[in-house]
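Reader: I'd love a close look at one part of this model, the place where the ligand sits. Please start there and carry on to whatever you find worth showing me.

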Amino acid sequence: MPTCLVTGGAGFLGSHLCDELLCRGHRVICVDNLETGSLANIEHIRTDQFVHVNNDIIEPYHVEEPVDFVYHLASPASPIDYLRLPLHTLKVGSYGTHHTLGLAKKHRARFLIASTSEVYGDPKIHPQPESYWGHVNPIGPRGVYDEAKRYAEALTMAYHRQQGVDTAIVRIFNTYGPRMRPHDGRAIPTFLRQALQHRPITVFGDGAQTRSFCYVDDLVRGIILLAESGYHDPVNIGNPNEFTLLELAQAVIEITGSGSEIVYEALPTDDPQVRQPDIGLARQILGWEPEIELREGLRRTIDQSGIEALVGAAR
Ligand code: NAD
């Protein structure tokens with residue numbers, strides 16, 4: 001069975017990916033310095049097919065045993081984290097991606113990088129196909145994340161074209177599910193926390209901006225399909241069902257049976273107005289499409305997390 005190295009394996013998406021790879025009988029080496037992840041995300045894993053290594057991938061790192069797949073997910077991902085860690089975010093995207101691509105090259109492993117829909121910035125095309133080059137503000141506060149990912153994509157293609165590394169790029173659209181941190185600032189954990197505490201739900205702007213939310217199990221299935229394909233160019237993975245933030249808030253109130261009211265706060269700088277993946281390519285080359293709709297995914301998130309975990313420590 002293959003050995004998979006997962007950077008960021010103690011994070012939200014990474015820990016679900018580790019679970020699924022182990023479930024399929026793979027060996028998993030999780031490299032994570034717990035910068036934004038947590039041991040709590042992997043403490044349920046009890047098998048000698050799993051090992052966690054606490055390395056900061058900004059520094060060179062090595063793995064002695066053979067590696068067949070490298071899933072490179074390590075990076076601050078929520079706005080709260082990358083605005084707090086701007087230089088770290090740029091270094092993870094640059095040095096961290098260099099070191100991880102070098103490791104994949106040495107082991108002749110298939111390499112997959114977790115890129116993001118944020119490479120499209122505030123898009124002028126809707127929905128966003130992979131062929132769209134994006135509309136990103138490089139010097140705004142979000143630029144550290146968006147440009148780190150754009151650089152990491154360029155680096156990945158350079159290792160592929162010049163060094164012959166077998167690479168893949170997944171552009172992940174907003175994903176949610178159990179193990180999101182209640183205070184990480186992203187819309188779904190924030191709304192769930194507020195609704196479950198019957199506190200006001202804070203919607204940015206007038207709530208007319210749109211997002212498309214993918215349940216984590218659908219995303220992990222798509223990522224593994226892409227890693228196990230021979231495809232090299234970027235592929236969008238996300239749920240094309242688009243909701244306004246106001247509709248999301250209303251869905252959360254409905255599912256939780258909350259008495260929360262909706263209040264409006266200032267829109268963050270460079271907040272994209274729309275976000276919707278064109279998943280035609282994923283359908284065509286992977287036969288992939290999401291199966292879990294928003295309300296079902298919200299119910300699963302609540303059931304599997306438990307209310308205590310979603311509400312988190314009092315603030
Ligand atoms: P997360 O913050 O939960 O996970 C990131 C993990 O990377 C954490 O466990 C963190 O400790 C680790 N990490 C950070 N810097 C590191 C370093 N220098 N060395 C070693 N480990 C380090 O975030 P997530 O939501 O699970 O996102 C995972 C990946 O998916 C990221 O690359 C993110 O950009 C991408 N992504 C996520 C989403 C989403 O909706 N969750 C959307 C688009 C892209």
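Author: Gly 37 is a good place to start: one of its polar backbone atoms lies 3.0 Å from an oxygen atom of the ligand. Please keep in mind throughout that this is a predicted model. Leu 73 also uses its backbone here, with a polar atom 2.8 Å from an oxygen atom of the ligand. Arg 186 takes part through its side chain instead, placing a polar atom 2.9 Å from a nitrogen atom of the ligand. If you widen the view, there are 29 residues around the ligand, and those that come nearest are Asp 32, Thr 36, Leu 73, Tyr 145 and Lys 149. Leu 73 therefore deserves a second glance, as a residue that has a polar backbone atom within the 3.5 Å limit for a polar contact and that is also listed among the nearest.

Now turn to Leu 34, which sits in the loop between strand S2 (27–31) and strand S3 (50–53). Its phi is near 65°, a positive value in a residue that is not glycine. Strand S2 itself holds Arg 27. The side chain of Arg 27 is in polar contact with that of Glu 65, at 2.8 Å. Beyond its neighbours within four places in sequence, Arg 27 touches Pro 2, Thr 3 and Cys 4, as well as Asp 48, Gln 49, Phe 50, Val 51 and Glu 65.

Another backbone detail is worth a stop on the way. The peptide bond joining His 126 to Pro 127 is cis, and its omega is near -10°. You will find Pro 127 in the loop that lies between strand S5 (110–116) and helix H4 (143–163).

From here, let's follow the helices. Helix H5 (residues 187–196) meets H7, their axes coming within 10 Å and crossing at roughly 40°. H5 is therefore oblique to H7, and the crossing is right-handed. On the H5 side, the contact uses Ala 187, Ile 188, Phe 191, Leu 192, Ala 195 and Leu 196, while H7 offers Leu 245, Leu 248, Ala 249, Val 252 and Thr 256. Sorted by class, these residues are ten nonpolar and one polar, with no charged ones.

H7 (residues 245–256) also packs against helix H9 (residues 294–305), at an angle of about 50° and with the axes 10 Å apart. That angle makes H7 oblique to H9, in a right-handed crossing. Here H7 brings Leu 248, Ala 251, Val 252, Glu 254, Ile 255 and Thr 256 up to Leu 294, Arg 295, Leu 298, Arg 299 and Ile 302 of H9. The contact of H7 with H9 counts seven nonpolar, one polar and three charged residues. Notice that Leu 248, Val 252 and Thr 256 of H7 take part in the contacts with both H5 and H9.

One further pair rounds off the tour. Helix H1 (residues 12–23) packs against helix H6 (residues 216–227) with axes 10 Å apart, at an angle of about 65°. This makes H1 roughly perpendicular to H6, and the crossing is again right-handed. H1 contributes Phe 12, Leu 13, His 16, Leu 17, Glu 20 and Leu 21, and H6 answers with Val 216, Leu 219, Val 220, Ile 223 and Ile 224. Nine of these residues are nonpolar, one is polar and one is charged.

Key. Residues are numbered from 1 along each chain as its sequence is written. This is a predicted model: local features need pLDDT of at least 70, side-chain atom pairs count only at pLDDT 80 or more; totals for chains, interfaces and linings use all residues. Side-chain values use heavy atoms; hydrogens and water are left out. Axes are lines fitted to C-alpha atoms, for helices over the stretch in contact, and angles run from 0 to 180 degrees between N-to-C directions. Helices (H or I, at least four residues) and strands (E, at least two) are DSSP runs, numbered from the N terminus. Angles under 35 degrees count as roughly parallel, over 145 as roughly antiparallel, 65 to 115 as roughly perpendicular and the rest as oblique. A crossing is left-handed if the near helix is turned anticlockwise from the far one by less than a right angle, and right-handed if clockwise. Contact means heavy atoms within 4.5 Å. Ala, Val, Leu, Ile, Met, Phe, Trp, Tyr, Cys and Pro count as nonpolar, Asp, Glu, Lys and Arg as charged, and the others, Gly among them, as polar. A residue is near a molecule or strand if one of its heavy atoms lies within 4 Å of it. A polar contact is a pair of N or O atoms within 3.5 Å; within protein, one must be able to donate a hydrogen and the other to accept it, and residues adjacent in sequence count only if both atoms are side-chain atoms.
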